[in-house]
Amino acid sequence: MSQLSGLEIRGLRVSFDGFTAVDGVDLDVAPGDLRFLIGPNGAGKTTLVDAVTGLVKAQGSVLFGGAELLGRSVHRIARSGIGRTFQTATVFEGLTVLQNLDIAAGAGRGMLTMLRRRKGVPEPVARALETVGLTDLAHSPAGTLAHGQKQWLEIGMLLVQDVRLLLLDEPVAGMSHDERQATGELLEHISEERTVVVIEHDMDFMRSFARSVSVLHAGRVLSEGTVAEVQADPRVQEVYLGHAAAGDAALGSAGPTLPDEPEPSGGTASGRTGAAVQEV
Amino acid sequence: MTLFKGAPAAPAGKSPSVLAGRPARAWAGFAAAAVALFALAPLALSDFRLGLLAKYLCTAMVAVGICLAWGRGGLLTLGQGVFFGLGGYAMAMHLKIADAGPGNLPDFMQLYGTASELPWWWRPFGNPLVALAATVLLPMAVAAVLGSFIFRRRVKGAYFAILSQALAAAFAIWLIGQQATTGGTNGLTDIQGFFGYDLDDPVNQRMVYFVIAAVLLLLIALVRQLIHSRYGELLVAVRDSEERVRFLGYDPANVKLVAYVVAAGTAGLAGALFVPAVGIISPAMIGIVPSIEFVIGAAVGGRASLAGAVLGAIGVAWAKTALSEEFPAAWTYFQGLLFIVALAFLPGGLVSLAGIVRRRRAAATALPSGGAA
């Protein structure tokens with residue numbers, strides 16, 4: 001791990017055929033932050049990540065560690081230390097977990113290394129396997145992994161890629177409570193050495209693990225701050241109440257003191273949940 | 001659309017095995033192939049049949065490249081005839097010049113030609129070393145130029161297949177149009193010698209067969225190394241999810257380009273060796289139909305497996321000879337049917353049958369009594 005780098009977005013604007021998906025976003029993510037991007041559907045969260053990673057064309061400026069990213073091609077942005085995951089886990093299903101990680105680790109490899117066979121398990125790959133808890137499944141085809149395990153494999157791939165910024169698009173969607181807990185702890189651990197940005201709809205998850213939060217709405221940053229600050233913001237409450245009439249998972253209605261009721265689940269995970277909720 | 005993407009998104013059990021190199025089995029297969037090619041076939045087959053086998057082995061060389069590009073890389077190369085033809089014509093041009101002897105024009109130029117001397121672009125092929133190098137390097141260079149345009153513009157799937165097929169058609173049509181310098185529809189025919197050896201002599205024909213068999217084994221070893229290298233794993237990753245690979249910091253265009261160029265090289269070499277084995281190269285051997293035939297062999301045998309692609313190519317080429325001797329008109333239909341059946345019902349080719357049967361059995365025994373499988 002070289003050094004921590006932050007993300008600095010200024011006046012970012014993305015339009016598709018006249019529809020402006022991201023409309024002048026300014027966003028600073030401090031080095032080593034664990035930032036959550038939340039907002040209703042269509043707020044522009046994923047498009048923002050697409051713009052940062054070069055998938056869609058954008059105007060404005062995106063600086064990472066002081067270097068401009070806009071205008072670079074996808075694979076060059078990836079090589080400058082930025083990795084992302086997608087809403088649906090995309091791993092190479094026909095390859096083993098180990099092969100997936102080895103490929104992720106190899107973008108800088110020279111010709112000769114590429115043309116030779118992989119011998120054993122490279123050290124960073126072994127570490128990543130350990131970190132995401134897939135060591136026992138190293139030789140299983142990635143296609144046979146459970147949904148949550150695929151997400152972890154993707155995160156593991158970002159780790160061996162040695163990215164300094166992880167952009168994760170709904171990493172806990174479809175996960176069980178225990179898996180979410182484990183993922184949250186994994187992200188906390190990762191953010192000690194890297195900058196992490198998470199797009200998430202799961203408010204409980206956000207409350208438990210976010211170090212800071214940005215709320216996007218209609219392509220703009222509506223509010224920003226700690227979880228408590230954002231939750232107290234009347235504009236955020238309005239947006240969320242307006243969208244989730246029932247107020248079930250709504251941020252505003254939940255309020256800062258609502259405890260995250262731990263589902264009856266095993267051992268270590270719930271213990272940590274309690275601690276995380278109290279922080280909030 | 002499995003047709004154009006290799007066999008991605010298949011449930012893990014069904015996807016072509018990339019999980020293990022199994023070196024012991026590979027060595028055994030390699031040794032068996034060497035014994036069959038160098039000992040059994042020459043003993044068992046007549047000179048005529050051995051000559052036919054030499055021709056089939058050339059088809060198998062093309063299939064080796066197709067296995068890499070299509071089976072592993074998902075690039076449905078429907079235009080390998082172009083590269084086969086480049087290699088074939090490069091070799092045939094040299095042999096024609098050599099046959100004619102110093103200072104003379106090749107026979108067909110004396111018949112149709114208007115020029116009194118060799119066209120400028122024929123001259124380099126007078127040198128045997130240049131011609132030999134060109135049989136491989138020319139197809140690879142053409143593939144590199146074409147491929148970098150195609151892959152950087154992100155042409156893929158069916159569009160790539162159609163484009164490569166159109167190239168084969170265009171190349172054949174161009175050759176036909178150049179009667180005076182390429183022999184037109186006839187092609188370059190009646191090749192007599194091969195680097196000083198008289199091709200009418202059965203002993204020399206046998207030598208050509210051995211050269212072809214050796215080169216085939218060499219190509220198999222080379223491509224096998226590629227398939228099992230890190231590059232081979234990356235190529236499968238590109239086939240299955242190109243976008244994801246891009247986000248890992250690779251340029252998928254380069255990854256595909258390597259496979260495409262290597263496949264072009266094997267096709268070029270195959271074309272070059274086809275010429276002394278058969279004594280002729282003509283537009284009819286490099287156009288759309290032969291280009292599709294190259295692919296069919298690999299598809300029937302199993303495009304993702306080297307053994308499958310090679311045996312499939314030999315088998316289909318053999319079946320073509322055998323069946324078209326009996327039913328000349330029906331072969332084309334049969335071949336088309338074979339291709340469709342293989343792609344629709346057996347995407348892994350015949351080699352995948354064993355695995356499917358094994359899994360069925362395993363599933364049947366794993367189920368408690370009477371479970372419907």
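## Close-up views of chains A and B

**View 1. B:D200 sits in a loop of chain B, between β2 (197-198) and α8 (202-228).** As in every view here, what you see comes from a predicted model. B:D200 is exposed, since its relative accessible area is 61% and the cut-off for that word is over 50%. Take in its surroundings too: B:D200 gathers with B:D190, B:D198 and B:D201 in a patch of negative charge on the surface.

**View 2. A nonpolar patch on the surface of chain B is made by B:L132, B:F195 and B:Y197.** The patch covers about 260 Å². One of its members, B:Y197, lies in strand β2 of chain B. Is B:Y197 exposed or partly exposed? With a relative accessibility of 42%, B:Y197 counts as partly exposed, because that class runs between 20% and 50%.

**View 3. B:S116 belongs to the loop between α4 (107-112) and α5 (128-152) of chain B.** Here the relative accessible area is 70%, so B:S116 is exposed. It is worth finding B:N104 in this view as well: B:N104 and B:S116 are twelve residues apart along the chain, and 9.5 Å separates their C-alpha atoms.

**View 4. Chain A holds an open sheet of four strands.** Follow the strands across in the order β2-β1-β4-β5, and you will find that the pairing is antiparallel. Which strands of chain A are at the edges? They are β2 (19-29) and β5 (67-68), each of which pairs on one side only.

**View 5. Strands β1 and β2 of chain A pair in the antiparallel sense.** Eight bridges link β1 (residues 7-16) with β2(A). Two of the bridge partners are good landmarks for finding your way along the pair. A:R13 has A:D23 as its bridge partner in β2(A), while A:L7 has A:V29 as its partner in that strand. As you look along either strand, keep a general point in mind: in a regular strand, side chains alternate between the two faces of the sheet.

**View 6. The hairpin of β1(A) and β2(A) has two residues between its strands.** How many bridges join the two strands that lead into and out of this turn? There are eight, as the previous view showed. The residue to look for in the hairpin is A:D17, which takes a positive phi near 45°.

Methods: Residues are numbered from 1 along each chain as its sequence is written. Chains are lettered from A and ligands numbered from 1 in the order in which they are written. This is a predicted model: local features need pLDDT of at least 70, side-chain atom pairs count only at pLDDT 80 or more; totals for chains, interfaces and linings use all residues. Side-chain values use heavy atoms; hydrogens and water are left out. Patches are made of residues with over 30% relative accessible area and no salt bridge: like charges are joined within 9 Å, nonpolar side chains (Val, Leu, Ile, Met, Phe, Trp, Tyr) within 5 Å. Accessible areas come from the Shrake-Rupley method with a 1.4 Å probe; for residues, only the protein chains shown count as cover. A salt bridge is a side-chain nitrogen of Lys or Arg within 4 Å of a carboxyl oxygen of Asp or Glu. Lys and Arg count as positive and Asp and Glu as negative; His and the chain ends are not counted. The place of a charge is taken as NZ of Lys, CZ of Arg, CG of Asp or CD of Glu. Buried means under 20% relative accessible area, exposed over 50%, partly exposed in between (1.4 Å probe, protein chains only). Two strands pair if DSSP finds at least two bridges between them.
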